[in-house]
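Here are a few short exercises to help you find your way around a new structure. Try each one on the model before you read the solution.

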Amino acid sequence: MNKGKNSLVIKTESGDKALSENAWPEAVLVAVDTDPYDLVRKSVAIAAERSGGGKSLSQKIVPRSLDYFGWCSWDAFYSSVSAPNIFQGIESLQRGHTPPRFVIIDDGWQQTDLDSYPDVPTGFVGDDLNSEIQHFSNRHRHNEAFITAESRALGPAMRNITEGSSSGAALQELIEATGQKGGLQYHNLALEHEKKKVAFEKVPSTWIAFLHRKLSNVLDSAAGYLMGLLQVVSVSLYEIFVDPAANGSWAFQLFSKLAHGPLRGPLLDFIADQTNFSRRLTNIQANAKFKLSHGSEFSDSPDLKSVIQHLKTALHVDFVICWHGISAYWSGISLESADMMRYAPHNVHPDPQNSLLDVEPSMKWNPTVLMGMGALYDPFHLFNDMHKYLCKCGVSGVKVDCQAGIGLVGSVAGGGASVALRYHDALEASTSKHFEENLVINCMCHTIENIYHWKKTAVARASDDFYPSDKASHLAHIVACAYNGLFLSPLVVPDFDMFQSNHEASEAHAVARAVSGGPVYVSDAPGKHDFSVLKRLVLVNGTVLRTKQPCRPTVDCLFNNVTSDGRSALKLWSLNCSSALVGVFNLQGSSWDRDKRKFHTHASGPCKVQASIRPSDIPMFNSMRDTQQFLITCTSSDRCMWNVVSPGDSTEISLTTGQAAAVAIVPIHKFKVQFCPVGLEDMINGGGSTLLMHIFDKEWIMIDFMSPKTGINTTGSAQESINWEEHIGIGDISTVRKGFDSRLRLSAGVDFASSTADTALVLKAKKQYRIAEKRRVSRGKDFLDSATDIRLKARYDYNFQADSWSGDAVAELSHASFKVNDNMDLRVSLGMKGSINRGRVSQMQPVLRIEENCWSFTTDCKGIWRVDYLL
C-alpha cells in the first residue's frame, strides 16, 4: 500500500472482533465546494443521515434554556454536591444581580453501590441529626476515617498531576480537593461527614463505647495514612513510566499484565476509594443528599421534588437539568440491587481494540475493562422510569455523559455503532416523552457512532471538560471548542462547557461563550465570582445575549495552527439580528500533546500576535453591495475602539498570550442621517440586544431591542432607511353567513432585505370569526360601532440560507370599539401565542394587546412587554 505524501489510507473497523465484513458500502463521502461553511454543513448532514439517521439542526427543537444564564454544580462541589450546596450557589450569584435561570445538578445526586452514607440527609449538619445518626454503622464510620486519612496522604502527589491527562481526568476530584485554591477540603464528603461525627458523639453512650470508637478511628486513620503513602509511590511511578507509555511498549505490556493479574484487586480498591468510575447505579431515585430534613425551612416533604420546587418557586430557576450517564452511571447499573433486577442487567467485559489503545493506552485497564460494565439489552425501560421520576419531581431535562464508552461496550456487543443506535434511540424516545423542551445535553460524546445517531437532541458539548487547575488546558479548551464546533454545528448547538468567572482565564472564556451561539453557564463556588466579567454576559433578569447561530472560525484561520505557530490569532465569527460579533484570541503557547496524551505548555514565555478584522470576514456582509461603510467597535476592560471602515478595510488588534477581544461589526445605514444599531455598549455581545429590525418602504426602520436594566423588549424607530424588503400576497377568501362573517386570508411571498443575505419564503394565514357586532344608522348610512371576533393567525417562514422553518401562531378573542371619541378607535385582544416548529405549536403563553390607531401595547404572563408606534 502506498503511504506516500499524497496518499489517503482508510481504516474501517466494526469495533467487535467477532463481527467482520468483506466490504462496507458508502464508507467515504467526498464533497467539494467553494464555501467552506456550506461544505461542512451539507457534508456532515448528509453523512449523518446516511450513516446513522442523524438529523440536521434545522429539523430540531432548540431548548429555550440556551437564552438564559446557568450554573453547574460540578467544579463548585464535584460529586459531594447536596441540595443546600445548590441553593447556596444560586443565591450567591443572585446577590451579584446575575441570577441563573437554569441549573445543572451534575454527578453526585444518584444512588450507587459505593455510597458511604445512603440514608442521611447532608448539608443540614446541625439540624436534628441525632435521631438519624443511628443509621450510621460502625463500618461506615471506620471506612470514613480510613478514606479521609488515605486522601490526606495522597494530597501532595495530586498537586503534580494535571487534570487533563488520563490519570488526572480520573482523579479530578482529588486533585481539586488538594489544590491551592481548595474549593473542597478533601475527597468526597469527608469534611461534611466529619462534622456529622461531632453530632454523633453527642448521642448518649457509655465511656467504654466512646473510647472504643475513638481508638478505632485512630487505628483506621493510621492505616489509611499508610495506605495513602503507599499509593503516593504507586501514583508517582505510574505518572513517570506508565501514563506516557505507548500501546505495545514494554511499560504498557508490563502494567497491563499486572493490572489484569496481581494488581487488579488493589487497583479496583483505589479506584473505588478515590473516584466514581467503578460505581454502578442501584436506584433511579435521588440519594440522601437530596432529601431535605423534615421540617426544614424549605419543605415538609423530604425528597427531590421539594428541592426542585424550592429552586423554581423561591429561587426563580426556570430549568433544572440532572446529570446521568448514557450507561446510567459510570460503570452501568448494579447486578446486585433488587431495584435494578427488573431491567435485566448483565455484566460485559469490554475488549478495547488496538485503534483505541493507540489513542489512549490506559483504556486497557479502565475500570469497566477490569470489572465489567452493568449493561442492558433494552435501555429504554430504565431511561423511561428514570426520566418519568425526574419529570414528576419537576426536572426539565438531562445532561447525558459517558457516551464515548459506548464503543467499549460495543467491542463485545456487535460494535459501537450497533450499541449506539440502541442506546440513543431509547434515550431520545424517553426524553421526547418526558421533557417537552427537548432539553438534552450530549456530553463526552465525540465518536462518530454517537454523533451520527442524534436524531432529536439538539445540544452537545464541543470539548473535553474545563479543568480549573490544569493551566495548560485553559486556552487549548477554546481551540477544541472552535474547531469541533464547526464540525458539530450542522447537527447540534455546540456547548463550550462551563467555566469559572473568578479565574485567570475567565476573560477569554467569557468572550468565547458570548460568541459561541451556545449556552452560557459557570461553575463558580459560592462567593467566588468576578461580577465584572459576569455582568458583561448576563442581564439582570438572567437573560444572555446569544448570537443567532453557532460560531465559526474565519476563513483566514481555518487551517492555521493557532496554538503553536507563534503568529496566528483565532477569530470566531457569529451573527446577531443586525450585526456580527468576532471573538479574537491569542491562544499560542499550549496545546494537547498526542505523544504525552495531556495538555502541554510548549512556549517558553508569552508572545504577541496581530489580528486583522475586516467586514469581509463575515460572509453575509460580502453580499451587501449597497452598504459602503461599517462600524467596528471593541470595548473591554483594557481597550476601547470605534472605527468606521469600508468593506475591504482592516482594523488591527494586538494581543498577548491569553488575551481576547470581542469585536462588533455593524453596517452603517445612510439616509438623511446615519443609522447604526450598535446595541448595549457594556456587554460583550452588545449587538445581541437588537432582537428584530424591520425596514419599511425605504422610509422608516423599527428596532426591537433588549433593555439593559430590565431585560425586557423595547421598540424604537427611525425614518428614511435605505433598506428595503418585498412581500407579495396571493389571496384573500371571505364568507358571510347570517349576518356574521368568517374570513380566511391566505398569503405567500418572499421577504428579502439589503441588511441581510437571508431570503425567506413567507406563508401567512388569518382566520376571523365575527361572533358579535353592534351597528347604528346615521343619516341613512350604516356604521359599525363595535365588534367582537375570534381571530386565528399564523406565520411560517422558510429561510433558504439556513434551510430552516420557523413561525408562530396566535389565537385571540378581540373586541374593537370604533370612534371611542372623535379621533380614536380602540381594540383589546386577549389570547394565546406559541411557536411553530416542525408543524407543532409549543411554548404557549397568554398575550394581551391593546391597539389605538397608530400605537399598540403587547405584554405576556412573564411581564415582557413592547410598545409599537407606526407613523
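**Exercise 1: a leucine and its cover**

Leu311 has 0% relative accessibility, so Leu311 counts as buried. Keep in mind that this is a predicted model.

Task: work out where Leu311 sits and which residues it touches, leaving out those up to four places away in sequence.

Solution. Start with the element: Leu311 belongs to helix H12, which covers residues 304-313. Next, look for contacts beyond four places in sequence: Leu311 touches Ile86, Phe87, Ile90, His316, Val317 and Val320. Finally, try a pair: Phe102 is 209 residues from Leu311 in sequence, yet their C-alpha atoms are 9.7 Å apart.

**Exercise 2: an asparagine in a loop**

Task: decide whether Asn438 is buried or exposed, and find what it contacts.

Solution. First, place the residue: Asn438 is in the loop that runs between helix H17 (416-434) and strand E9 (440-442). Then check the accessibility. Buried means under 20%; Asn438 has 12%, so it counts as buried. Now skip the neighbours within four places in sequence, and you'll find Asn438 in contact with Ile61, Pro63, Lys456, Thr457 and Ala458.

**Exercise 3: a lysine in a patch**

Task: find the element that holds Lys433, then say which residues form a positive surface patch with it.

Solution. Begin with helix H17, because that's where Lys433 is placed. Exposed means over 50%; with 53% relative accessibility, Lys433 therefore counts as exposed. To finish, pick out the partners: Lys305, Lys388 and Lys392 form a positive surface patch together with Lys433.

Technical notes
Residues are numbered from 1 along each chain as its sequence is written. This is a predicted model: local features need pLDDT of at least 70, side-chain atom pairs count only at pLDDT 80 or more; totals for chains, interfaces and linings use all residues. Side-chain values use heavy atoms; hydrogens and water are left out. Helices (H or I, at least four residues) and strands (E, at least two) are DSSP runs, numbered from the N terminus. Buried means under 20% relative accessible area, exposed over 50%, partly exposed in between (1.4 Å probe, protein chains only). Contact means heavy atoms within 4.5 Å. Patches are made of residues with over 30% relative accessible area and no salt bridge: like charges are joined within 9 Å, nonpolar side chains (Val, Leu, Ile, Met, Phe, Trp, Tyr) within 5 Å. Accessible areas come from the Shrake-Rupley method with a 1.4 Å probe; for residues, only the protein chains shown count as cover. A salt bridge is a side-chain nitrogen of Lys or Arg within 4 Å of a carboxyl oxygen of Asp or Glu. Lys and Arg count as positive and Asp and Glu as negative; His and the chain ends are not counted. The place of a charge is taken as NZ of Lys, CZ of Arg, CG of Asp or CD of Glu.
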